[in-house]
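Here is a short briefing to read beside the sequence and the 3D view. It goes topic by topic, from the sheet to the aromatic rings.

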Amino acid sequence: MANEKFDASAFLSSLFHYARDFNYNHIIFDANRYKISVNLVRKSSTYGNAEMFYVSADPKAFAPVISRINSAIEIAELEGSQQATIKTPLLAREDQVFQFRLKEFGNGKYNLDLSI
């Protein structure tokens, strides 16, 4: 898998499905020049707080996924909306709405928080 790129539709479908089924309400992408890590975070009084590591990948292999998320965010910003939507036929509900927050720490380090 080191040389293969992620299939954006399949990856995002499984990520959103898993997060929703286990009541995670934040998907955190930590990115730097060498790797991208994805963590799921739950902040809930009903289900309790939790954080779980989901996947880590090389930025070049993960580029299709980040590109798909970035496209949805750009469209939302052009529309003046605080919520973006990713459509994928692999989800039973066919689209996922999320709010987004991007933090830049300098030296090529970024943190993207998708609140679903």
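How many bridges join E1 to E6, and in which sense do the two strands run? Six bridges join them, and the strands run antiparallel. Note that this is a predicted model. The pairing of E1 with E6 belongs to an open sheet of six strands.

**The sheet**

- The strand order is E3-E2-E1-E6-E5-E4, and the pairing is antiparallel.
- Strand E3 (50-57) and strand E4 (83-87) are the edge strands, each pairing on one side only.
- From one strand to the next, the twist averages 30°.

**Strand pairs**

- E1 (residues 26-31) pairs with E2 (residues 36-42) in the antiparallel sense, over six bridges.
- A hairpin of four residues joins E1 to E2.
- Two residues of E2 have named partners here: Val 38 stands opposite Phe 29, and Ile 36 stands opposite Ala 31.
- On the E6 side, Asn 111 stands opposite Asp 30.
- E4 and E5 run antiparallel and are joined by five bridges.
- In that pairing, Lys 87 stands opposite Asp 95 in E5.

**Two faces of E4**

- In a regular strand, side chains alternate between the two faces of the sheet.
- E4 shows this alternation: Ala 84 and Ile 86 point to one face and are buried.
- Gln 83, Thr 85 and Lys 87 point to the other face and are not buried.

**Ser 37 in E2**

- Ser 37 is found in strand E2.
- Is Ser 37 buried or exposed? Its relative accessible area is 10%, so Ser 37 is buried; the cut-off for buried is under 20%.
- Leaving out residues up to four places away in sequence, Ser 37 touches Ile 28, Phe 29, Asp 30, Phe 53, Val 55 and Ser 56.

**Helices on the sheet**

- Helix H1 (residues 8-21) packs on the sheet and touches E1, E2, E3, E4 and strand E5 (95-106).
- The direction of H1 makes about 170° with that of E3.
- Helix H2 (residues 59-79) lies across E1, E2, E3, E4, E5 and strand E6 (109-115).
- H2 runs at about 130° to E4.

**Aromatic rings**

- The structure holds eight aromatic pairs.
- Why is the pair of Phe 11 and Phe 62 edge-to-face? The ring planes stand at 80°, and planes over 60 degrees apart count as edge-to-face. The ring centres of Phe 11 and Phe 62 are 5.2 Å apart.
- This pair links distant parts of the chain, with Phe 11 in helix H1 and Phe 62 in helix H2, 51 residues apart.
- Both rings belong to buried residues: Phe 11 has 9% relative accessibility, and Phe 62 has 1%.
- Tyr 18 and Tyr 54 form a tilted pair, 5.8 Å centre to centre with 50° between the planes.
- Tyr 18 lies in helix H1 and Tyr 54 in strand E3, so this pair ties together parts 36 residues apart in sequence.
- Tyr 18 is partly exposed at 29% relative accessibility, and Tyr 54 is partly exposed at 24%.
- One aromatic cluster takes in Phe 6, Phe 11, Tyr 18, Phe 22, Phe 29, Tyr 54 and Phe 62.

**A charge over a ring**

- The charged end of Arg 42 sits over the ring of Tyr 24, 4.7 Å from the ring centre.

Key. Residues are numbered from 1 along each chain as its sequence is written. This is a predicted model: local features need pLDDT of at least 70, side-chain atom pairs count only at pLDDT 80 or more; totals for chains, interfaces and linings use all residues. Side-chain values use heavy atoms; hydrogens and water are left out. Two strands pair if DSSP finds at least two bridges between them. Axes are lines fitted to C-alpha atoms, for helices over the stretch in contact, and angles run from 0 to 180 degrees between N-to-C directions. Contact means heavy atoms within 4.5 Å. Buried means under 20% relative accessible area, exposed over 50%, partly exposed in between (1.4 Å probe, protein chains only). Rings of Phe, Tyr and Trp (its six-membered ring) pair if their centres lie within 6.5 Å; planes under 30 degrees apart count as stacked, over 60 as edge-to-face and the rest as tilted. A charge sits over a ring if NZ of Lys or CZ of Arg is within 6 Å of the ring centre and within 35 degrees of the ring normal.
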